[in-house]
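Thanks, everyone, for making the time this morning. I would like to take you through a few of the contacts in this assembly, beginning inside one chain and then moving outwards to its neighbours.

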Protein chains: 8
Amino acid sequence: MTPDDLKALLTAVGDGRVTVEEAAERLGDPAVGDIGFATLDLHRRERCGFPEVILAEGKTAEWTEGAVRRMVEAGQDVFATRVSADQAAHLAAHFPQADQDRLARTFWLPMPGWQPANLGRVWVVTAGTSDLPVAQEALVTARVMGARADLVVDVGVAGIHRLLRHRDKLAMADVVVVVAGMDGALPSVVGGLIDCPVIAVPTSVGYGAAFGGVAALLTMLNSCSAGVAVVNIDAGFKAGYVAARIIRRMYKE
Amino acid sequence: MTPDDLKALLTAVGDGRVTVEEAAERLGDPAVGDIGFATLDLHRRERCGFPEVILAEGKTAEWTEGAVRRMVEAGQDVFATRVSADQAAHLAAHFPQADQDRLARTFWLPMPGWQPANLGRVWVVTAGTSDLPVAQEALVTARVMGARADLVVDVGVAGIHRLLRHRDKLAMADVVVVVAGMDGALPSVVGGLIDCPVIAVPTSVGYGAAFGGVAALLTMLNSCSAGVAVVNIDAGFKAGYVAARIIRRMYKE
Amino acid sequence: MTPDDLKALLTAVGDGRVTVEEAAERLGDPAVGDIGFATLDLHRRERCGFPEVILAEGKTAEWTEGAVRRMVEAGQDVFATRVSADQAAHLAAHFPQADQDRLARTFWLPMPGWQPANLGRVWVVTAGTSDLPVAQEALVTARVMGARADLVVDVGVAGIHRLLRHRDKLAMADVVVVVAGMDGALPSVVGGLIDCPVIAVPTSVGYGAAFGGVAALLTMLNSCSAGVAVVNIDAGFKAGYVAARIIRRMYKE
Amino acid sequence: MTPDDLKALLTAVGDGRVTVEEAAERLGDPAVGDIGFATLDLHRRERCGFPEVILAEGKTAEWTEGAVRRMVEAGQDVFATRVSADQAAHLAAHFPQADQDRLARTFWLPMPGWQPANLGRVWVVTAGTSDLPVAQEALVTARVMGARADLVVDVGVAGIHRLLRHRDKLAMADVVVVVAGMDGALPSVVGGLIDCPVIAVPTSVGYGAAFGGVAALLTMLNSCSAGVAVVNIDAGFKAGYVAARIIRRMYKE
Amino acid sequence: MTPDDLKALLTAVGDGRVTVEEAAERLGDPAVGDIGFATLDLHRRERCGFPEVILAEGKTAEWTEGAVRRMVEAGQDVFATRVSADQAAHLAAHFPQADQDRLARTFWLPMPGWQPANLGRVWVVTAGTSDLPVAQEALVTARVMGARADLVVDVGVAGIHRLLRHRDKLAMADVVVVVAGMDGALPSVVGGLIDCPVIAVPTSVGYGAAFGGVAALLTMLNSCSAGVAVVNIDAGFKAGYVAARIIRRMYKE
Amino acid sequence: MTPDDLKALLTAVGDGRVTVEEAAERLGDPAVGDIGFATLDLHRRERCGFPEVILAEGKTAEWTEGAVRRMVEAGQDVFATRVSADQAAHLAAHFPQADQDRLARTFWLPMPGWQPANLGRVWVVTAGTSDLPVAQEALVTARVMGARADLVVDVGVAGIHRLLRHRDKLAMADVVVVVAGMDGALPSVVGGLIDCPVIAVPTSVGYGAAFGGVAALLTMLNSCSAGVAVVNIDAGFKAGYVAARIIRRMYKE
Amino acid sequence: MTPDDLKALLTAVGDGRVTVEEAAERLGDPAVGDIGFATLDLHRRERCGFPEVILAEGKTAEWTEGAVRRMVEAGQDVFATRVSADQAAHLAAHFPQADQDRLARTFWLPMPGWQPANLGRVWVVTAGTSDLPVAQEALVTARVMGARADLVVDVGVAGIHRLLRHRDKLAMADVVVVVAGMDGALPSVVGGLIDCPVIAVPTSVGYGAAFGGVAALLTMLNSCSAGVAVVNIDAGFKAGYVAARIIRRMYKE
Amino acid sequence: MTPDDLKALLTAVGDGRVTVEEAAERLGDPAVGDIGFATLDLHRRERCGFPEVILAEGKTAEWTEGAVRRMVEAGQDVFATRVSADQAAHLAAHFPQADQDRLARTFWLPMPGWQPANLGRVWVVTAGTSDLPVAQEALVTARVMGARADLVVDVGVAGIHRLLRHRDKLAMADVVVVVAGMDGALPSVVGGLIDCPVIAVPTSVGYGAAFGGVAALLTMLNSCSAGVAVVNIDAGFKAGYVAARIIRRMYKE
């Protein structure tokens, strides 16, 4: 609520056009969906441009189902991530019309009539094949949020020519998401080839001193290419989300 | 060099319009500035939209001076970061026309006639007063790269109303850079209030279990607000750089 | 035993009212319950106001059963935490009258006639739904120790208005326990809104750089709100215990 | 602002007793002290019962002076912590009437007429002599916030009888703050002797695998005594603050 | 492609002996095997002397099979490591002629007619019996890449005479690979006895403060014998690979 | 071999009493048991007073069996630790006369006629019941090596009187082994009560910031009682071994 | 105080031979030296066989002086460690008769007439020359506590023959203290050559991944020689103290 | 000493050609230089091909001087590393003929008549200018040990064409040493371009999450290029040493 909105509301109270009770509610309590085990943020869409996204991990299948149901009732597109095989089966039984991606482990149930917006240009690039599930999560996220997004797979720096083949394509991107485990070196090379923002996602691919993605995370934070920002280990969702925020700023009206 | 460029060049060789030697040079050796102790990337501007930036830390004053001089000779804008007091004095003696910011520890020597582009809208927000030097580095970086950028200072989450005062302003930003040490909680709150990308910068402000910025870094990587990407501890420069890359994509024709 | 008690006892020995043997026992050996694999502290209730609590984790079901039985024999209320499903089934068979909470993983077998004291006002607040098991452990602990305690669920900082709805309620609390994983940012915000002590519990909810709760733990230790003290990761029990100690000091004359 | 306050305010607007502008200001902008390099939270006292405390570390002497001055102008008691020798000298020159404690590194400038409230009973206990500066910070903090607080020094567990001498005294406390470095074992012993809340402060005293206080911090988080909550390494201030919050809840009308 | 090659190619274009299209392809796109979920580096053999090696871990059995098949089609020797039991069974069904080592968890399918080259002298030495799987991986790798390699097992430093028995043998090696977990002390002793390069492999053998191989890794990085270089924890493959690179440099014409 | 032994041997060679071959063998090759997958140190008993102990963890049941068999053949007492349930069953089938302790996970097969020596006085003290398996491993180890050893269970510092009951007993010990997880505070208290060496064993008992025993390990390394030395996490075997070495020095002949 | 002592005391009270006041004092308050900033444990000598040792680090010179003075008054031998150059100068001025070792950084002021006991046999062995200060601290500590102790310097495992020269000497020791930084491998080799207890001291000698002694510490905790116990990084004092405790048990009737 | 040597020696004893004393010395005591504070390994040259190298760090200037002098007396080439400015000045006064490199911080005093061997081909490649001191240490080390070695400076992956310019040169190397801080990504790219062994040296260049070289170290250990082995952070000396060992194996007779 902007100051102008506020003054307008108060003026309306002063004029009697709005009751005191109505005004108090609008000022004091933005819409939430209180369902006992969760307090859904039904105002997120207004503030942040996209509804609250459900992190399924750590929730029972029933809790997840309940959260989905409440958001559907509120007329919101429902997106859930890190959905386990068991949760996916449970949700499929209750929401058969939803679009579930097993590789990305995502659940997508938009309002009827939703169409992909396909705005701008996002490339999701992986260093190896094992990084695919995380990359797919980024891809699906960016797409449901309205971005046009595609994959370039397995172009790690041990065979740098594999990346250089795609240089022109990447040079025309609005955002590049780079997904890499092990040494996490790919974003540094990509960041030095292009002029758009690079969102780097470390993955837990690797063993030993990879420490579940810590090695790749540190590499990316210390990238010698300045145009690289980083998200959490395995957080394909976050990378897709940030990429889509950039795209929506650029292309939406 | 795009495939079309390449074919054009080869056709020119075939036609005799370009000599074999010339072609070999253009293919084999993009411009670098080799000055013994450094190999300046004089092609960075073409690939990445902004010349190579000099990290002064870890270099002697003479090395830094040499790098600056070589870039000036190559007709490039020169930006250096993490310039110590000693280096700053040395550089001021040799390049009195440069613009040095003591709080940000930056050095800026653009080509004659340079004017700030003032594109878009970047807000650099700090949790505390002690985060100012890092924020200033982000601010200066974003500005020299063409963005319009301004500060909101000391609005940490212990007094959340200080931030909420600026909500309307932030809601209209293209990018928000959030700089915070200690608990690093501010980006999570900011990310939940607005719909543009948030670049979070952990700072080494704090003591004990702050571990020189590690606590804030982890907080930001695990932000419950999905629209937050993170850069290295105290890396105001990187945050400003990423922000400017986003702005330039949006506004430069 | 206070110095006055001591002098009184010694005087009684001097007077012959107490035998040397009796005095030696009272001085040298406070009551313990020695059952071979454990030495139960049957004097804990006198010193600390509540009997020893059994940590079931790491014990066999038989060891746990034996400890419960010995405490019942000593006429003490028996509380156990981190009871696994197997242990719970075993205990239910032997102590069917006990009150077991499956979400909190607690076992509660008070002496006959026990009534909840419902003293003061404790709020247990969670950042997300996945933090519920830990919060429930805090809740149950506070209640069996005599506090009046209730839950506020899923009001994390990404949608700060969800918390602000409860501001008045929290402002009247005696203690607030805040349970959060991932970025662990919620206690900092809560601590800045109210004037009572905040006990923060980091949870292992999250992935990647959450490091099993380390990120949230560090956030909370570095909270920019000064009124926040922290307990171990997932230690709902400890938070409830500390909260109850505060309440009992306040309300138990 | 409670819902009732809000309705009252809106009713007053409806009645014309309060202008729209006044109401907008009261709703939209709680008092802050904006001084360029800082945004002082002048409303902290109302929400949290004590004014914002200035962390001097990381600020220039001038910034610290400016923050103090602005709070004095706002009619607030001014407390600053981690004041360096240089800052202390600078502040002494500008605010000669302030009470500075060199061991605790604190600065205290209350409004004229302030008297210590001396409420309740806080004991600050240290394991060793080297823990004294941190303990003194806790002591001064608790006192300026209204608690009656005193020291018990150097009673670490290597000579447990030193602690047992004070058992009766500690058993009558409302809160005990325990300050310890190295093995950080003291809070576990204290917590098992008494029934009030224990606030443990790890210190950076020690060497080698003490890791600047990490060893003591982990010990305290894993205390086998359940009634122990922990604050940051060397954070005497926080321990005193939490202790005072508990005391104020107990004793202030 | 050397500068001379480049000039030759361009001259051929100038002469019309090579078409522009052909030249562009040779310059711009070294051979890759693009199979959707992977981009095989079919040029690795030319650059690095041995084809790309497939890391099976983290891939589905089908992905692994597909990668093997594509490399066979390209006429390359196929080596895969960290093959799980399930993957091994799957691959055995499709490539029964391949040589799989269950202890080393390797898969080897050379082109028909391949013969081991048996160049030079590599000794793979282990500190304990539990280090055998990692040592075997090093052994197999070195052998398929053309080195003559053999094992010395269980000669850790707690019984130093076990190692000294093999001193003459080791003194005649070209490379010694030392595999050790727990304290990882063996490479320091070996490095002080001989004059050839030592490649040390820390293993995850051990418990407690072994931290999954971190203790051994740090020991080896800090070896007081200067001639020791280190690879990742459990990375028998890498040690064998580096050893073979050294051997091939020495002995291949 | 002492210099005198050496001279004696060489003199014997000079005298012809010993052949050159015999002398070479005695000088160059102390007895080992080479069984392909292991090189048993059959000389350990002579150097260190007790035969090589087999660490079963990380070995197959067959490897373990083979090592046991070879040591039996060499006429040595066989002790193995960290024997899994599967390994134990396999070994029981082949060596039914062996003494296996399921709680300690040990295997003990002495030469016929072995009798416990029962030398000196070792107390193994645990902080909690869950520390019992580690304590039992220490106990069994100390006994098979000839020490008289007994347990004191569950006397952690939260109820310090439980420990003080045993003060006289402990004061007469030759060595005290203290086993503790969680805060690991017990050795500091024990070390301050007695005058014999204390061997501290951190255990992985605990959760959250216990970090699998790291918290207890650090506590013990930083013990404010100087007479405490530490072994690896969960290394009951090592503690028992060190204790027995001390005892054997004291009491054997 | 043993139970028999206790009964004797109480009987004496019953008999009137001891007054109630006297008995209360003896039971309730073992001697301490309370000097405001410290509570000296004047009973340590009785319990632990040696008086409290003063850790000078972290104390002012005046605090250290005060503690020394109070112990002298109590008729106790005074030993202080980690004495800085400044503290040493201050103490030398006040206690010129004390014996200060600048390499070990120790202060030793025994009661008049003290003579070294020279019991048993302790060898302090170092891996390198840089480990000397820590080794010297161990040496001095062991000596003032009554042990006969000597140095073997710079016999690290990179030249294992340097150690083997001393094998016979070490084989006759009662305790061997091994001091090593960098890879910390020496204790594992020593532990496998002899049959007495080995006390290992990691030092902070080294750089990079030595992490201030952490690498050596982990090596030693994971020693493949079972007879090795470990003390804190750079804790020569502790190693000497534990060694002396063992010696005193052995040799002091 | 090989078994054949041993038999020969013993035969000579049997024949009386060698005295018992001589034989005992040759068997029992390889040459060491015992100078009180150090035990120089004068046999290192025979075993390892190059004399013991002196690590000056952590030694006094006098200790360093003494070690140099003793090695000169033994007729050995003397090489010292990590020589501080103060040590360098001290050594220059005593050994003016030595060759000291201030950038590399090395000291080199060969026997008269020494000539560089210039064997093979080593390239030392750095990612940035700040990595130069470490690279120079590698360079000098490789040279004094007989290798031909040269530098390629500042070709980090942010401008990958800088490296590609040198591809042909590197492809002909026998060993490539790659020195990089910050993200440490360069060895992965180099390792994928060539077929010789790569020795990677992480440097402490960088800030924040570079953690003094840890980030680069982990990157290199996890390199997706298999032909990369790693040495300690900032250990230019070790990299040069390993490189020279490889070269000497290849080229010396």
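Between domain 1 of chain A and domain 2 of chain A the count of salt bridges is zero, although across that interface there are two residue pairs in polar contact, with both residues at pLDDT 80 or more. I should say at once that this is a predicted model, and everything I describe is computed from it.

The two domains span residues 13-109 for domain 1 of chain A and 119-250 for domain 2 of chain A, and their C-alpha centres lie 28 Å apart. Each of them brings 12 residues to the contact. The area buried between domain 1 of chain A and domain 2 of chain A comes to about 1100 Å², with carbon and sulfur atoms giving 65% of it. On the side of domain 1 of chain A, the residues that lose the most area to domain 2 of chain A are Phe50(A), Phe79(A) and Leu103(A), which together make up 39% of what that side buries.

If you look at where that side comes from, strand E4 (78-81) and strand E6 (106-109) of chain A each supply at least two of the residues with which domain 1 of chain A touches domain 2 of chain A. By residue class, that side of domain 1 of chain A divides into seven nonpolar, three polar and two charged.

Let me now turn to chain B and chain E. Here the contact takes 10 residues from chain B and 11 residues from chain E, and the area buried between these chains is about 920 Å², of which carbon and sulfur atoms give 87%. In chain B, the residues losing the most area to chain E are Lys7(B), Leu10(B) and Val20(B), together 46% of what that side buries.

What is the count of salt bridges between chain B and chain E? It is zero, and the count of residue pairs in polar contact between chain B and chain E, with both at pLDDT 80 or more, is zero as well. Helix H1 (3-15) and helix H2 (20-28) of chain B each supply at least two residues of the side that touches chain E, and the largest share of that side, six residues, comes from H1(B). The side of chain B that touches chain E divides into seven nonpolar, two polar and one charged.

Finally, a word on symmetry: a rotation of 180° with 0.0 Å of shift along its axis superposes chain B on chain A, with an RMSD of 0.1 Å, and that is the relation of a two-fold axis.

Technical notes. Residues numbered from 1 in each chain as written. Chains lettered and ligands numbered in written order. Predicted model: local features only at pLDDT ≥ 70, side-chain atom pairs only at ≥ 80, totals over all residues. Heavy atoms only, no water. Contact = heavy atoms within 4.5 Å. Buried area = accessible area lost by both parts, 1.4 Å probe. Salt bridge = Lys/Arg side-chain N within 4 Å of Asp/Glu carboxyl O. Polar contact = N/O pair within 3.5 Å; in protein donor to acceptor, adjacent residues only side chain to side chain. Helix = DSSP H or I, 4+ residues; strand = E, 2+ residues; numbered from the N terminus. Nonpolar A, V, L, I, M, F, W, Y, C, P; charged D, E, K, R; others polar. Least-squares fit on C-alpha atoms with pLDDT ≥ 70 in both. Domains from an automatic or database assignment.
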